[in-house]
Amino acid sequence: MSRMRFTPSDIEVNAGGTVRFLIKNTGKIPHELVIGTIADLKAHAAEMQKMPGMQHAEPNMITLAAGKVGGLVWHFNQAGTVDFACLIPGHMEAGMVGKVKVS
Ligand SMILES: [Cu+2]
């Protein structure tokens, strides 16, 4: 099993900046990248545990099948820390989390 990591997992952006993330799933199973506060991400992950295989699409997330590449555009309007994670059950716990430092 490949390691469940985002590379890089720490990103720095300028407040007010709009960032286009280009994301590649180099693993062998589907993964996703969801942007939010760590509290929101944990709540969402708990919801997904109850509904395995839950399909969802929101502007703050992208789901990628193995080997696929996709983009996600996000506007970081204020300074602080924004978190991101893969919310497929077990993945966040395995280390699929990261942070965006906005300053
Ligand atoms: Cu994942």
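In the predicted model, the second largest pocket is bordered by Pro30, Glu32, Met48, Gly53, Met54, Gln55, His56, Thr63, Ile88 and Pro89. By class, this lining comprises 5 nonpolar, 4 polar and 1 charged residues, and the space enclosed amounts to about 160 Å³.

Two of these lining residues, Met54 and His56, recur in the surroundings of histidine 44, which also contacts Val34 and Leu87 when neighbours within four places in sequence are set aside. Histidine 44 belongs to helix H1 (residues 38-50). Its relative accessibility is 18%, and histidine 44 is therefore classed as buried.

The largest pocket has a volume of about 470 Å³. Its lining consists of 22 residues, with Arg5, Phe6, Thr7, Ile23 and Lys24 lying nearest the centre. Two or more lining residues are contributed by each of strand S2 (17-24), S3 and strand S4 (61-64); S2 supplies the largest share, 4 residues. The lining divides into 12 nonpolar, 6 polar and 4 charged residues.

The copper ion is coordinated by ND1 of His31, SG of Cys86, ND1 of His91 and SD of Met96, at 1.9 to 2.5 Å. Along the sequence, the donor residues follow the spacing H-x54-C-x4-H-x4-M. Distant parts of the chain are thereby linked: histidine 31 lies in strand S3 (residues 31-36), whereas cysteine 86, 55 residues apart from it, occupies the loop between strand S6 (80-85) and helix H2 (91-94). Both histidine 31 and cysteine 86 are buried. The arrangement of the 4 donor atoms is irregular because the angles they subtend around the copper ion run from 88 to 138 degrees, while a tetrahedral assignment would require all angles to lie between 85 and 135 degrees.

Key:
Residues are numbered from 1 along each chain as its sequence is written. This is a predicted model: local features need pLDDT of at least 70, side-chain atom pairs count only at pLDDT 80 or more; totals for chains, interfaces and linings use all residues. Side-chain values use heavy atoms; hydrogens and water are left out. Donors are N, O and S atoms within 2.8 Å of the metal (3.2 Å for Na, K and Ca); water is not among the atoms, so sites may look incomplete. Four donors count as tetrahedral if all angles lie between 85 and 135 degrees; four count as square planar and six as octahedral if opposite donors are over 155 degrees apart and all others between 65 and 115; anything else is irregular. Buried means under 20% relative accessible area, exposed over 50%, partly exposed in between (1.4 Å probe, protein chains only). Contact means heavy atoms within 4.5 Å. On a 1 Å grid over the protein atoms alone, a cavity is a set of points where a 1.4 Å probe fits but cannot get out, and a pocket is an open set with protein on both sides within 12 Å along at least five of seven lines; lining residues have an atom within 4 Å of a point. Grid points are joined across faces, edges and corners, and a volume is the space filled by probe spheres set on the points. Ala, Val, Leu, Ile, Met, Phe, Trp, Tyr, Cys and Pro count as nonpolar, Asp, Glu, Lys and Arg as charged, and the others, Gly among them, as polar.
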